[in-house]
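Reader: I have a model open and would enjoy walking through a few of its local features with you. Shall we take them one by one?

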Amino acid sequence: MRRIEKVAVLGAGTMGARIAAHLASAGVPCYLLDIVPKELTKDEAAKGLTLESPAVRNRIVNAGLEAAKKSRPAAFFHAEGAKLITTGNFEDHLGWCGEADWIIEAVAERLDIKRSLFGRVEKVRKPGTIVTTNTSGLPIHTIAEGRSEDFQAHWAGTHFFNPPRYMKLVELIAGPKTKSEVMEVLGNFCDRRLGKGVVVAKDTPNFIANRIGTFSMLNVLRLMQELDMSIEEIDACTGPAVGWPKSATFRTADIVGLDVLAHVVRNIYENAVDDEMRERYQAPALIEEMLKRGWLGEKSGGGFYKKVKGEGEKEILTLDWKTMEYRARQKAKFGSLEAGKQIEDTRDRLKALLAGKDKAAQFLWGAISEMCLYAAWRIPEIADRIVEVDRAMKWGFAWELGPFEIWDAVGVEAVARKLDGEGRALPPIVTEALKPGKKSFYGVLNAGNPDCTRVYFDFPACVYLPVEEPEGVIILKAERDRGKVVEKNPGANLVDLGDGVVCCEFTSKMNAIGADTIMMMRKGLERLQTDFDAMVIANQAANFSVGANLMLVMMAVQEQEWDDIHMMVRAFQNANMALKYAPKPVVAAPQGMALGGGCEISIHATRVHAAAELYMGLVEAGVGLIPAGGGTKEMLVRANEAAGVAPGFSPASPEKDLDLFHALKPVFENIAMAKVSMSADEARGLGYLRPTDPIAMNRERLVGDAKQTALGLIRAGYRPAAPAEVRVLGEQFLAAAKLAIHMLVRGEFASEYDAKVATKLAWVLAGGALTAAQTVSEQYVLDLEREAFVSLCGERKTVERISHTLKTGKPLRN
C-alpha cells in the first residue's frame, strides 16, 4: 500500500491551516496553498508592490498560516513545527500537488468551487495519489462527479473537527468507486500518525456527528424558549453535569460560529428530505436575528456571550434572548444540578438528574430523550453500527457518553416506557433491543474470564457482536474485566498486560498520589523480581496524575505532624529512586496532566512513552512548596548530563562548572515559575522528556505502545542505571539565583513569598550551604529537598496557598 510521506492542503482558512499545523506537528511535511489576491492592500501599494509580487500572491496563504501560529489554544505542538509547512498559491504552485501522496481540500463549502478546483488538481496529481475533501456535509459523490476512474478510485471524504489538534474525530467517507485499500491507508494514517479516532460514516447529509449534534443544539434552543430558561441555565444543564464539555451549548455555538451553524442547518434541510424531523432543521428566529445583527460568536466579538472591558480583566456578558440585550452573567440555581455534583459517576448522575422534579430535570429529559430517540432512528441510515455513532459524538463533540451509552445509563426499558407514555413512536432498533434476553445496547460477556468480551447490539441482525478494538490498542478496563488484576487497593491496581509486562494503574480521584499509589508501585517492583519482566505505569483517565494528595499534606500541617510529613516525603522519594534503579525496565506512560508528583514519577522511570497531548511540569512552587519526591534532584542530575559532568563524562573543571551553571538556569526558572508544557514536544524542551523518550500521537494506543517500548528495552538487554554522582556549585549558583530572584521581585514578576520559595529551591540546586563546587550523592540532594519542603510546609502563606488550591483548584498569588 502507498505510504503517505508528504501532504498538500488546499485552502488556508481556519480548517485548512490548522489541518496543516497538525500534520506538521506529527512530523509530516506539507504544502499549504490558497488563492491569489485580486487587489493590493494600501500597505502593499505604498511599498510599491504589484499583483505579481510573490509577497502579494502568497498574502492570503501566509495570513492563514500566521493565524494558525498565533491561535489559542495552540494549533502546533511546538512553534518549530511550522517549518515543515511550505506555503504557495493555486496559480503558481498547484503543480506541487504532483509531489504529494495525499491531497486534502479545505476550501469554501461551495460545490462549484470545490469541483472547479479538483478539475485543475486532476491535471497535476500523480496517478494513485489519494485526494480527499474536508467538507462538513456536502455529498461526497457529487464533488468528484466527472473525474477520472483513477481519481474516483482514490477519492474520499476526511472530515476533521475543529480544532484538529484537540478534537479526536475524523469521519472517513467513501465515494461510490473508492478502493477499499484507500480507506485502509487513510484510516491507518489518521489513527497511528495523526492520533485520530477514525469513524467510517455513510455519505449522508452532514455525516454522523454534525447530524446528531446539530439536531441536539436546535432541540435545546427550542426547549429553552418553551420553558422560558436563560442561556446560563441551559449551559449549566448541558455541560459537565451530563458529561458534555464545559463550553456546553452556547459557548460551543460561539466558538463554531452562528454562520457555520446556519449553513449546516440549511444543508441538512435541503438534503435530508426523508428525515422525520426535517422541519426542525430550520434556523430559529433567534439565530436569524443574531445573524442579521452580525452577532456570529467569537469571530465577530459577540454571540450568545460577549467579552467587554471591565475593571482589570475582561468581563463576559450574556445575551438576554428576550430583550436582545447583553447583561451581566447570572448564576443558574437548580436543586437537581447541585445534588448531581455529589455523584461522581456520569452514568449514575444522568439517571438521577432525569429523575428530578425541577425545571432543569424537565429540560434535560426533553433534551436527552429527543436526542437519543433521534440517534436511534438514524440507524442504519448514517451508520451501520451504534458503535460508530457513539464514537463520533464522543470524539467529535467531546461527550463522555454517546447516545446509545446514554440509553443504557438511564435504562433502555425505563426510557422507552416513558417515551411510549408520551405517545412517541419507538424506532425498530429500540423495540428489538427490548425483546427477551436483551434490554441494553451494550454488554459484557463472560466477565472475569480471559475470554471476556464487550459486545454491542447489532441491527438489523438483532444479535450481540464484539466491539473490536484496533490492533495494538489495550483497554485497561477490558483487561480488568478479563480478571487480569493481580493486586489492588483503593488507589491503584496491578494489571497483567501479557508477555511478561505488568501495568501499575492509578485509580484514585484525579489520580492524586498517596500512600496507596506508592504502595502499589512498590508491589509492582516486587513482582518484577518474581513474575514479570517489565512494568508500565499508566492509566486511561483524563489525566495521568495531578500530583500529591494535598489534603493529606494539609491535614498533617494543621496537626503539626512534622515527622509524619518527613516520613511521607521520604517514602515517595524512596519509591521513585526504586523506579530509577529497578532491576528490570519501568516505562511511564503519562497523558493529559502529569503535574508535581506525577511528573516526578515519570522522570524517574527508565523511559517515558508520552501522549502527544501532555501537560507536564513540576508545579509545587504554585502552592508555596518545592518538588521533593526527587523532582528537584532529578532535574539537577539532568543539568549535570547536559553540561557533561555526569559519570562517564570528563572530570569536573572550571569550564565544566560554567557549563553546569548555564544548564541550571533553565531548570531553576522552570521549577520556580511552575512552568507546564503544552505538549509532549514542549515537555522535551523543558527537559522532562529525554531525546530517547517516544511520543504516541494517539492516546488510545498509549498503553499498548508503552508495553512495546518496555518489551523493546528487554530485547535490547536492559541493564539498571549506575548510581549517579551529582555536581553542585554551592555559593556560585546560589548568589546568582538570589540576584535573579531580587530582580523578579523588583519588576513585580514575583511576590515576596515567591522569592522565599525560589530561594529555598536555589539552595537545594546549589547543594546547600557550600562555599565551593563539589560532587555529592543523590541521597544528599534528596535530604536537602525534604528539609526545604518540610520547612515551607510550616509557613503561613504556604498553608494559605494549599487551602486556596484545594477550594478552588487554582493557585493563589500571595
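Reader: Which residues of α32 are buried?

Author: Happy to start there, keeping in mind that this is a predicted model. Helix α32 covers residues 778–793, and a residue counts as buried when its relative accessible area is under 20%. By that cut-off the buried residues of α32 are Glu778, Val781, Leu782, Leu784, Glu785, Arg786, Ala788, Phe789, Val790, Leu792 and Cys793.

Reader: How many Å does α32 reach from its first C-alpha to its last?

Author: The helix has 16 residues, and at 1.5 Å a residue the expected value is 22 Å. The reach in the model is close to that, at 23 Å.

Reader: Let's move to glycine 704. Is glycine 704 buried or exposed?

Author: This glycine lies in helix α29, which spans residues 702–715. Its relative accessible area is 4%, and the cut-off for burial is under 20%. Glycine 704 is therefore buried.

Reader: Which residues does glycine 704 touch, not counting residues up to four places away in sequence?

Author: A good pointer is isoleucine 475, which is 229 residues from glycine 704 in sequence but 8.6 Å away in space, C-alpha to C-alpha. With residues up to four places away in sequence left out, glycine 704 touches Gly472 and Ile474.

Reader: Now the strands, please. Which residue of β10 stands opposite tyrosine 305?

Author: Strand β9 (residues 305–309) pairs with β10 (residues 314–320) in the antiparallel sense, over 5 bridges. Tyrosine 305 belongs to that pairing, and the residue opposite it in β10 is threonine 318.

Reader: And which residue of β11 stands opposite threonine 318?

Author: β10 is also joined to β11 (residues 325–328), by 4 bridges and in an antiparallel manner. The two form a hairpin with 4 residues between them, and methionine 324 in the turn has a positive phi of about 60 degrees. Across from threonine 318, β11 offers arginine 327.

Reader: What is the order of the open sheet of 3 strands?

Author: The pairing in this sheet is antiparallel. At its edges are β12 (442–445) and β14 (463–466), each of which pairs on one side only. On average, neighbouring strands are turned by 40 degrees against each other, direction ignored. The order is β12-β13-β14.

Reader: One last one: which residue in β14 is the bridge partner of tyrosine 456?

Author: Strand β13 (residues 453–458) and β14 run antiparallel and are joined by 4 bridges. For tyrosine 456, the bridge partner in β14 is leucine 465.

How values were computed:
Residues numbered from 1 in each chain as written. Predicted model: local features only at pLDDT ≥ 70, side-chain atom pairs only at ≥ 80, totals over all residues. Heavy atoms only, no water. Pairing = 2+ DSSP bridges. Buried < 20%, exposed > 50% of the residue type's maximum accessible area, 1.4 Å probe, protein only. Contact = heavy atoms within 4.5 Å. Axes fitted to C-alpha atoms, helices over the stretch in contact; angles between N-to-C directions. Expected span 1.5 Å × (residues − 1).
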